[in-house]
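Work through the exercises below with the sequence and the 3D view at hand. Try each task before reading its solution.

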Amino acid sequence: MPTIIVINGPAGVGKSTISAQLVGALPNMISISGDCLRSFAPAHARALLGAGSTYRAAAALINSYLTMGAEIVLFDYIFTTYAQLQDFRHLLPPDESCTFHIFTLWAPLATVEQREATRQNRERLGPQVQTTYEAIRKALPAFSDSPDHIVSNTTIPEDATKQILSTIKLSETSKII
């Protein structure tokens with residue numbers, strides 16, 4: 001059964017870093033970066049297609065990869081509300097045909113801002129860090145009720161990656177039994 005993994009969280013929390021580590025741990029995974037998807041989308045796509053056009057395009061891309069035979073597809077993105085995540089989820093195959101995991105990365109704002117201030121070889125995210133952090137902070141109780149959970153990313157990224165891998169493996173084992 002194919003698996004879809006979503007890594008959610010505010011700007012600068014470490015989604016790209018954790019996603020890269022997951023790809024290294026699960027080499028048969030297709031990874032879709034929200035950053036790359038947004039940079040690929042035409043500048044006027046939102047104006048023409050409405051809010052959420054990027055995650056709708058990601059859902060279409062995920063569905064295409066699954067149709068082509070992908071076993072695991074990972075998507076890292078910023079869902080600032082649980083409603084956005086639910087809208088996205090409804091665009092994907094039903095639970096009977098795939099396993100779906102959502103992980104929301106979380107760390108104190110001071111930690112995220114410190115990481116942002118020291119990131120190398122990447123453009124600064126600026127006010128997006130605090131804006132997305134505050135929006136997700138308000139939605140955190142709803143994300144806590146999601147099928148998976150909130151993953152603390154306060155120490156080294158490998159700890160968060162191990163927690164995600166452990167949850168995925170436990171889930172796959174429980175579905176086999």
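The exercises that follow concern a predicted model.

**Exercise 1. The nonpolar core**

Find which residues of the largest nonpolar core touch the most other members, and which helix gives the largest share of this core.

Solution. Step one: the core has 48 residues, and those touching the most other members are Ile62, Phe75, Phe79, Phe88 and Ile164. Step two: helix H7, residues 128–144, supplies the largest share of this core, with six residues. Step three: take Phe79 and set aside its neighbours within four places in sequence; its contacts are then Val6, Asn8, Tyr55, Gln84, Leu85, Phe88, Ile136 and Phe143. As background, nonpolar side chains in soluble globular proteins tend to be buried together.

**Exercise 2. Two residues in helices**

Decide whether Ser19 is buried or exposed, and do likewise for Leu165.

Solution. Step one: Ser19 sits in helix H1, residues 15–25. Its relative accessibility is 3%, and the limit for buried is under 20%, so Ser19 is buried. Step two: beyond four places in sequence, Ser19 touches Ile7, Leu74 and Asp76. Step three: Leu165 belongs to helix H8, residues 157–176. Because its relative accessibility is 16%, Leu165 also counts as buried. Step four: neighbours within four places aside, Leu165 contacts Leu22, Ala25 and Leu26. Step five: Arg56 is 109 residues from Leu165 along the chain, and their C-alpha atoms are 26 Å apart.

**Exercise 3. The buried face of H5**

Identify the buried residues of helix H5 (residues 82–89), and state what covers them.

Solution. Step one: the buried residues of H5 are Leu85, Phe88 and Arg89. Step two: viewed down the helix axis, these residues fall within an arc of 100°, so they line one face of H5. Step three: the cover over them includes strands E1 (3–8), E3 (72–77) and E4 (99–106), together with helices H4 (53–67) and H7.

**Exercise 4. How H6 and H7 pack**

Work out how the axes of helix H6 (residues 109–118) and H7 are arranged, and which residues meet between H6 and H7.

Solution. Step one: the two axes come within 11 Å and cross at roughly 155°. Step two: angles over 145 degrees count as roughly antiparallel, so H6 is roughly antiparallel to H7. Step three: the crossing of H6 and H7 is right-handed. Step four: on the H6 side, Leu109, Val112, Glu113 and Glu116 meet Val129, Gln130, Tyr133 and Glu134 of H7.

Technical notes
Residues are numbered from 1 along each chain as its sequence is written. This is a predicted model: local features need pLDDT of at least 70, side-chain atom pairs count only at pLDDT 80 or more; totals for chains, interfaces and linings use all residues. Side-chain values use heavy atoms; hydrogens and water are left out. A nonpolar core is a set of buried Ala, Val, Leu, Ile, Met, Phe, Trp, Tyr and Cys residues joined through side-chain atoms within 4.5 Å. Buried means under 20% relative accessible area, exposed over 50%, partly exposed in between (1.4 Å probe, protein chains only). Helices (H or I, at least four residues) and strands (E, at least two) are DSSP runs, numbered from the N terminus. Contact means heavy atoms within 4.5 Å. The arc is that of the directions from the helix axis to the C-beta atoms. Axes are lines fitted to C-alpha atoms, for helices over the stretch in contact, and angles run from 0 to 180 degrees between N-to-C directions. Angles under 35 degrees count as roughly parallel, over 145 as roughly antiparallel, 65 to 115 as roughly perpendicular and the rest as oblique. A crossing is left-handed if the near helix is turned anticlockwise from the far one by less than a right angle, and right-handed if clockwise.
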